[in-house]
Amino acid sequence: MCKKCESNPVYILDNGKKLCNSHFTRYYEKKVFRTIAKYSLLEKGDKIAVAASGGKDSTTLLYILKKFCKERRFCKVEALAIDEGIKGYRDKSLSDLKKFCKKNKIKLHVFSFKKEFGFSLDEILIKARKKKIKLNSCYICGILRRYLINKYARKLKFTKLATGHNLDDEAQTIIMNQFKGNVALSANLGPKTGTSEDESFAQRIKPLYLCTEKENMIYSFIHNIVPHYTECPYQESYRFTIRDFLNKFEAKNPGIKNSIVKSFLEFLPLLKKKYKDKKTLKKCKKCKEPSSKDTCKTCELLAILKNKK
Ligand code: SF4
Ligand SMILES: [Zn+2]
Ligand SMILES: [Zn+2]
């Protein structure tokens, strides 16, 4: 029995077991490494891009994947960040990320909305408001960010794109899709999506899939991974309503998020089978990026922003 676990716990497991700093670290890393093994997230020789924002989840992911790759001499990890242009928020988190990557000898690639599309997110939102375009900030931000991440993960020849999604995020997405009747979208969830043969996108993996937001926060705190915890000032997605709802529900019914994700994993293979090969990807006629329609969502969005008087 560890005396520190009893006298100075940083975390208490659902079964009541207390964990000190070093036992929590062991518990957390074991959980992530087991997720990688159980869902075959990595293969020898993989070149992994971590979609990094400078926030606690993606920086913790970078830290732990770097550790995993170093210990096992198994694969290579780099960071891919998108600067949306959110003054007072993204500039600070990217500055933290740059310092982190320098300290940990991780190559960092940064691409920006401004350079790529001609406007920062702040400027796009001012433009949208003036033109009375009713699209919320997270919708615009999400489309443009995914576009750049996919484009550059492919161009830089990464074999895997790792995201910092945690158990809380996944529970929110599952419930969002249920509430909106978009069950087909849930077929794209799970610890690993896409296939390694699909050349349009790097295969997406979520090594922190079974870790809760709280666990990521504690691990990040113990290892001094993120110096500042900041939040985006926009936050206009339905996700945030669901997040607050689930947090309240979890407080009264501990373990509910875990149950949502675990039961979802039971029927995910059936969903994947049902919705398999339903989408055929073409190339966007404007930008030549992969798209399910003739024009991709990004080109459609940019046309709305440029044209509407
Ligand atoms: S909260 Fe919304 S606007 Fe802010 S970074 Fe996330 S998706 Fe973009
Ligand atoms: Zn201990
Ligand atoms: Zn396009």
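**Exercise 1. In which loop is the place of Ser 53, and does Ser 53 count as buried or exposed?**

Solution. The structure is a predicted model, and the first step is to find Ser 53 along the chain, where it sits in the loop that runs between β3 and α3. The second step is to look at its surroundings: Ser 53 has 24 C-beta neighbours inside 10 Å, and a residue is buried if 20 or more other C-beta atoms lie within that distance, so Ser 53 counts as buried. The third step is to name its contacts, which, once neighbours within four places in sequence are left aside, are Ser 58, Ala 81 and Ser 93. As a last step, consider Ser 220, which is 167 residues apart from Ser 53 along the chain, while the C-alpha atoms of the two are separated by 14 Å.

**Exercise 2. Work out how strand β3 is placed, and which strands it is joined to by bridges.**

Solution. Begin with burial: strand β3 covers residues 47-52, and five of its six residues are buried, so the strand is largely enclosed by the rest of the structure. Next, turn to β4 (residues 76-83), which runs parallel to β3 and is joined to it by six bridges. Two pairs of residues show how these strands line up, since Lys 47 stands opposite Lys 76 in β4, and Val 50 has Ala 79 of β4 as its bridge partner. Then turn to strand β6 (residues 160-162), which is also parallel to β3 and is joined to it by three bridges, with Ile 48 standing opposite Lys 160 of β6. Finally, follow the chain from β3 through helix α3 (residues 56-72) to β4, and these three elements are found to make a right-handed β-α-β unit.

**Exercise 3. Find the order of the strands in the open sheet of six strands, and explain why one side of β5 and of β7 is left without a neighbour in the sheet.**

Solution. It helps to recall that strands of a sheet pair through backbone hydrogen bonds, either parallel or antiparallel. The order of the six strands in this open sheet is β5-β4-β3-β6-β8-β7, and the pairing is mixed. At the edges stand β5 (108-112) and β7 (192-193), each of which has a single partner strand, and therefore one side of each has no neighbour in the sheet.

Now examine the steps within this order. Strand β4 is joined to β5 by five bridges in a parallel arrangement, and Ile 82 has Phe 111 in β5 as its bridge partner. The path from β4 over helix α4 (residues 90-103) to β5 makes a right-handed β-α-β unit. Six of the eight residues of β4 are buried, so this strand is largely enclosed by the rest of the structure. Strands β6 and β8 (residues 203-205) pair in the parallel sense over three bridges, and here Lys 160 stands opposite Gln 203 of β8.

**Exercise 4. Where is Pro 207 found, and which residues is it in contact with?**

Solution. First, place Pro 207 in the loop between β8 and α10 (213-222). Second, count its neighbours: because 27 C-beta neighbours lie inside 10 Å, Pro 207 counts as buried. Third, leave aside the neighbours within four places in sequence, and the contacts of Pro 207 are Val 32, Thr 35, Ile 36, Leu 41, Leu 61, Leu 65 and Ala 162. One of these, Leu 41, is 166 residues apart from Pro 207 in sequence, yet their C-alpha atoms are 7.3 Å apart in space.

**Exercise 5. Describe how domain 1 and domain 2 meet.**

Solution. Start from the domain assignment of the protein, which gives domain 1 as 41-278 and domain 2 as 279-309. The C-alpha centres of the two domains lie 22 Å apart, and 14 residues of domain 1 are in contact with eleven residues of domain 2. On the side of domain 1 that touches domain 2, the elements that give two or more residues are α6 (121-130) and α7 (137-155), and α7 gives the most, with five residues. By class, the residues on this side of domain 1 divide into nine nonpolar, one polar and four charged.

**Exercise 6. Which residues surround ligand 1?**

Solution. List the residues first: Glu 84, Ser 137, Cys 138, Cys 141, Gly 142, Cys 232, Tyr 234, Gln 235 and Ser 237 surround ligand 1. Then sort this shell by class, which yields four nonpolar, four polar and one charged residues.

Terms used
Residues numbered from 1 in each chain as written. Chains lettered and ligands numbered in written order. Predicted model: local features only at pLDDT ≥ 70, side-chain atom pairs only at ≥ 80, totals over all residues. Near = placed C-beta within 6 Å. Nonpolar A, V, L, I, M, F, W, Y, C, P; charged D, E, K, R; others polar. Buried ≥ 20, exposed ≤ 12 C-beta atoms within 10 Å, placed from the backbone. Helix = DSSP H or I, 4+ residues; strand = E, 2+ residues; numbered from the N terminus. Pairing = 2+ DSSP bridges. Right-handed = clockwise from strand over helix to strand, strands pointing away. Domains from an automatic or database assignment. Contact = placed C-beta atoms within 7 Å.
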